[in-house]
Amino acid sequence: MERYEVTINRIAQGEIPVEQGIEWFQRLPEEEQRDALRDMNLCIHQSHPRESEIEEGIKLSGLKESYTPCVIMRKNNFNNARAKVLALPSDEWLKAFRLWLAIFTIADGRRRSTDCRTGCNHWWHNLEKL
């Protein structure tokens, strides 16, 4: 597991309130924000969001649809979009974090309630054991 994945999963699963999670991200030094986004990239990739969940995540994030991370996620295929968001300048990272957190929360919630509803061995779905 990567350095920030536990915290990201705790936020997405509601163990840490979203606003508190956003404050956590904002308090990180810039270099660590980049690392946290890289870990978030792994999380969101593993959640396999559907196109509709990306749209729902844009709405849930509270960001304007015209913000760069939202446009990138909407206009590119998922893998290209993730790479482009990671390449954004640091002044876009908070928006990217908010957006990816919303998408991840939705997609991972679906997976926990469908694929993993009867139990699984994913450490990120078994945070109480950490």
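In this predicted model, F25 touches Q33, A36, L37, W93, L94 and F97, not counting residues up to four places away in sequence. F25 sits in helix α2, and at a relative accessibility of 1% the residue counts as buried, the limit being under 20%. A longer view along the chain takes in S66, 41 residues from F25 in sequence, with the two C-alpha atoms 22 Å apart in space.

One of the partners of F25 deserves a closer look. Q33 belongs to helix α3, which spans residues 30–47. The side chain of Q33 reaches the backbone oxygen of F25 at a distance of 3.1 Å. Once neighbours within four places in sequence are set aside, the contacts of Q33 are F25, Q26, L28 and W93. W93 thus appears in the contacts of F25 and in those of Q33. Q33 is also buried, because its relative accessibility of 13% falls under the 20% limit.

The packing of the helices can be taken up next, beginning with α1. Two packed helices are described by the angle between their axes and the distance between the axes. For α1 (residues 5–12) and α2 (residues 18–27), the angle is about 155 degrees and the axes are 9 Å apart. The two helices are therefore roughly antiparallel, as the angle is over 145 degrees. Their crossing is left-handed. On the α1 side, the contact involves T7, I8 and I11, which meet V18, G21 and W24 of α2. Sorted by class, these residues comprise 4 nonpolar and 2 polar, with no charged residue.

Helix α1 also packs against α3, with an angle of about 55 degrees and axes 9 Å apart. This pair is therefore oblique, and its crossing is right-handed. Here E5, I8 and N9 of α1 meet A36, D39, M40, L42, C43 and Q46 of α3. The class count for this contact is 5 nonpolar, 2 polar and 2 charged residues. I8 takes part in the contact with α3 and also in the one with α2, while A36, on the α3 side, is one of the residues touched by F25.

Further along the chain, α5 (residues 68–75) and α7 provide another packed pair. Their axes come within 8 Å and cross at roughly 45 degrees. That angle makes α5 oblique to α7. The residues that meet are P69, C70 and M73 from α5 and K95, A96, L99, W100 and I103 from α7. By class, the contact divides into 7 nonpolar residues and 1 charged residue, with no polar ones.

P69 recurs in the surroundings of E92, a residue in the loop between α6 (78–86) and α7 (93–113). Beyond the neighbours within four places in sequence, E92 is in contact with T68 and P69. E92 counts as buried, because its relative accessibility is 11%, under the 20% limit.

W100, for its part, links the α5–α7 contact to the surroundings of L86. L86 lies in helix α6 and, leaving out neighbours within four places in sequence, is in contact with R34, L37, R38, N41 and W100. The C-alpha atoms of L86 and L37 are separated by 7.1 Å, although the two residues are 49 positions apart along the chain. L37 is also among the residues touched by F25. With a relative accessibility of 23%, L86 counts as partly exposed.

R38, another contact of L86, is located in helix α3. A relative accessible area of 43% places R38 in the partly exposed class. R38 and E5 are 33 residues apart in sequence, and their C-alpha atoms lie 9.6 Å apart in space. E5 itself is one of the α1 residues in the contact with α3.

A final point concerns backbone geometry in the loop between α3 and α4 (51–61), where H48 is found. Most residues other than glycine have a negative phi. H48 has a positive phi of about 50 degrees although it is not a glycine. At 47% relative accessibility, H48 counts as partly exposed, because the value lies between the 20% and 50% limits.

Methods. Residues are numbered from 1 along each chain as its sequence is written. This is a predicted model: local features need pLDDT of at least 70, side-chain atom pairs count only at pLDDT 80 or more; totals for chains, interfaces and linings use all residues. Side-chain values use heavy atoms; hydrogens and water are left out. Helices (H or I, at least four residues) and strands (E, at least two) are DSSP runs, numbered from the N terminus. Buried means under 20% relative accessible area, exposed over 50%, partly exposed in between (1.4 Å probe, protein chains only). A polar contact is a pair of N or O atoms within 3.5 Å; within protein, one must be able to donate a hydrogen and the other to accept it, and residues adjacent in sequence count only if both atoms are side-chain atoms. Contact means heavy atoms within 4.5 Å. Axes are lines fitted to C-alpha atoms, for helices over the stretch in contact, and angles run from 0 to 180 degrees between N-to-C directions. Angles under 35 degrees count as roughly parallel, over 145 as roughly antiparallel, 65 to 115 as roughly perpendicular and the rest as oblique. A crossing is left-handed if the near helix is turned anticlockwise from the far one by less than a right angle, and right-handed if clockwise. Ala, Val, Leu, Ile, Met, Phe, Trp, Tyr, Cys and Pro count as nonpolar, Asp, Glu, Lys and Arg as charged, and the others, Gly among them, as polar.
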